[in-house]
Amino acid sequence: MGLGTTFHLQIIGMDHTVADLNQREKCAFSKEEIPNGIKKCLKLTGVREVAILSTCNRVEIVAVIEQEYSAESKKILTNFLQDFKGYEAVTHLFDYSNLKAVEHLYRVASGMESMILGEYQILSQVKESLDLSNTAGGIDTILHGLFAKVITASKRVRTETQLGVGAVSVAGSAVDLIKKIFNDLSKHKALIIGAGDTGQLVAKHLVDSGIGDILVTNRTLAKAETLAKEINANVVEFDKFCDVLKDVDIVFGTTASNTPVLNMVQLKKALVKRTMRPLALIDIAVPRDFEVGIDKLEFVFLHCLDDLQKLIAHTIDVRRQELGLAESIVLDEAKKFVAWCNSLDVAPTIVALRSKVMQIQDVEINRQKNKLSPAEIENCLNFSTAVLNKLLHLPISQLKQCDINNNSDLRRIKYIRESFGLDNSG
């Protein structure tokens, strides 16, 4: 399925499924390189529009190619990538054309092609690529329409399926688990032991989940203070964190300590002051932060990495079951985009314009049928047809003069379609 009579959409690229990290690094585009890459690619024969998507797991070049060069489109873009990056990448590339290219981009933006199935960060990366490519002059009518519909398709997948349900990171799963234990996190207080990468991620997920209050402790006080400032939390000195165990409902262990930072004796002492309130301990450190057997204490509930891995495995299984529905959404949206591209040809637009106007005429004439005689109806029909033909003469004349190989004319077609609502349903 092509894109109109003069457009060919071509994607070449690599991701974690076809190339290792070393290969992807050699072909990656920095934000500073993308503008220059766009400008050089636009100078190539047959290339009308181009966007570059580059993340840690993928590098893709999306281009609109003139139809007469469609057979060479893969070679054109492959040679560009290899020349620009100075790396023989052809054996590690995938390629998609037209409908398959649209489907692929929709799948990417929906997280269906991510290393972690359903990962949503990719959509913001796609949007950033659009902005960078647009600023560099690579985006015009077709790619602008494509990326707008990429966002629509991604949102449909998110809202109509469970592809993004739950968390698949350790930190995210830890907070998801806590949300299952405590219905309203805004009424609870958490202590995070450790302000390293994992502790920071836990803190972010807690804040996003609306936790009531957070305390942070770390062996290096400055590190705890930095994290606390970022999330508007309070700092507890590391050698005094046992003093606050009486006040919190949740404790996360995220340090890199070689020995447990919380033992049975310390916790037993703190429990005396808790008046039988439950305490949830989430140990996501390796080695473990909480002494083995600490959950034998009354009102203490301990969850460790093994529990979280089971939760993550279940979440991924749920997401995989949603792939079929997500695929159907992607195909539906992809076909809509191809139909939109085909509509940008001159002839379909003229037909749609006449049809739209005549439809309005029919509705208005039918409203008068009970008020006028047959002869009067015929006179109204003849008069309105003459007026409408005169009104349509200029836009149709302009359409007939359009060259859809010219981007400015293509924008004119798009403007006329939008002005008369030719793409609106109903």
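## Burial, sheets and local backbone features of a predicted model

Of the 426 residues of the protein, 49% count as buried, where buried stands for a relative accessible area under 20%, exposed for one over 50%, and partly exposed for what lies in between, with a 1.4 Å probe and protein chains only. The model is predicted, and for that reason local features need pLDDT of at least 70 and side-chain atom pairs count only at pLDDT 80 or more, while totals for chains, interfaces and linings use all residues. Residues are numbered from 1 along each chain as its sequence is written, and side-chain values use heavy atoms, with hydrogens and water left out.

### Overall form

The protein contains 15 helices and 10 strands, which are DSSP runs numbered from the N terminus, helices being H or I with at least four residues and strands E with at least two. Its radius of gyration is 30 Å, well over the 22 Å that the globule rule gives for 426 residues, so the protein is more spread out than a compact globule; the radius is taken over C-alpha atoms, and the rule is 2.2 Å times the number of residues to the power 0.38. Taken along the principal axes, the box filled by the C-alpha atoms is roughly 100 × 65 × 35 Å.

Among contacts between residues at least 6 apart in sequence, 74% join residues at least 24 apart, a contact being heavy atoms within 4.5 Å. The protein exposes about 21300 Å², of which carbon and sulfur atoms supply 52%; the areas come from the Shrake-Rupley method with a 1.4 Å probe, and for residues only the protein chains shown count as cover. The mean positions of the 51 positive and 53 negative charges are 3 Å apart, with Lys and Arg counted as positive, Asp and Glu as negative, and His and the chain ends not counted. Each charge is placed at NZ of Lys, CZ of Arg, CG of Asp or CD of Glu.

### Strand pairing

An open sheet of six strands runs in the order β7-β6-β5-β8-β9-β10 with parallel pairing, two strands being paired if DSSP finds at least two bridges between them. At the edges stand β7 (234–235) and β10 (300–304), each with a single partner strand, so one side of each is left without a neighbour in the sheet. Strand β5 (residues 189–193) has four of its five residues buried, so it is largely enclosed by the rest of the structure.

Strand β1 (residues 7–15) is mostly covered, with nine of its nine residues buried. Both of its faces are covered, one by the buried residues Phe7, Leu9, Ile11, Gly13 and Asp15, the other by His8, Gln10, Ile12 and Met14. The table sets out pairings of β1, β5 and β8, each with a bridge.

| Strand pair | Sense and bridges | Opposed residues |
|---|---|---|
| β1 and β3 (residues 58–66) | antiparallel, nine bridges | Gln10 and Ala63 |
| β1 and β4 (residues 94–97) | antiparallel, four bridges | Ile12 and Asp95 |
| β5 and β6 (residues 213–217) | parallel, five bridges | Ile192 and Val216 |
| β8 (residues 250–253) and β9 (residues 279–283) | parallel, four bridges | Gly253 and Asp283 |

### Helices α4 and α6

Ala109 has its place in helix α4 (residues 98–109), and Ser154 is found in helix α6 (residues 141–160). Ala109 is buried with a relative accessible area of 0%, and Ser154 is likewise buried at 0%. Leaving aside residues up to four places away in sequence, Ala109 touches Ile122, Leu123, Val126, Val150 and Ser154, whereas Ser154 touches Ala109, Ser110, Tyr120 and Leu123. The C-alpha atoms of Ala109 and Ala153 are separated by 8.3 Å, although these residues are 44 residues apart along the chain.

### Backbone geometry

Asn98, also found in helix α4, has phi near 50 degrees, a positive value in a residue other than glycine, and is buried with a relative accessible area of 11%. Thr275 likewise has a positive phi of about 50 degrees although it is not a glycine, but Thr275 is placed in the loop between α10 (264–271) and β9 and is exposed, with a relative accessible area of 60%. The peptide bond from Val286 to Pro287 is cis, with omega near -5 degrees, and Pro287 lies in the loop between β9 and β10.
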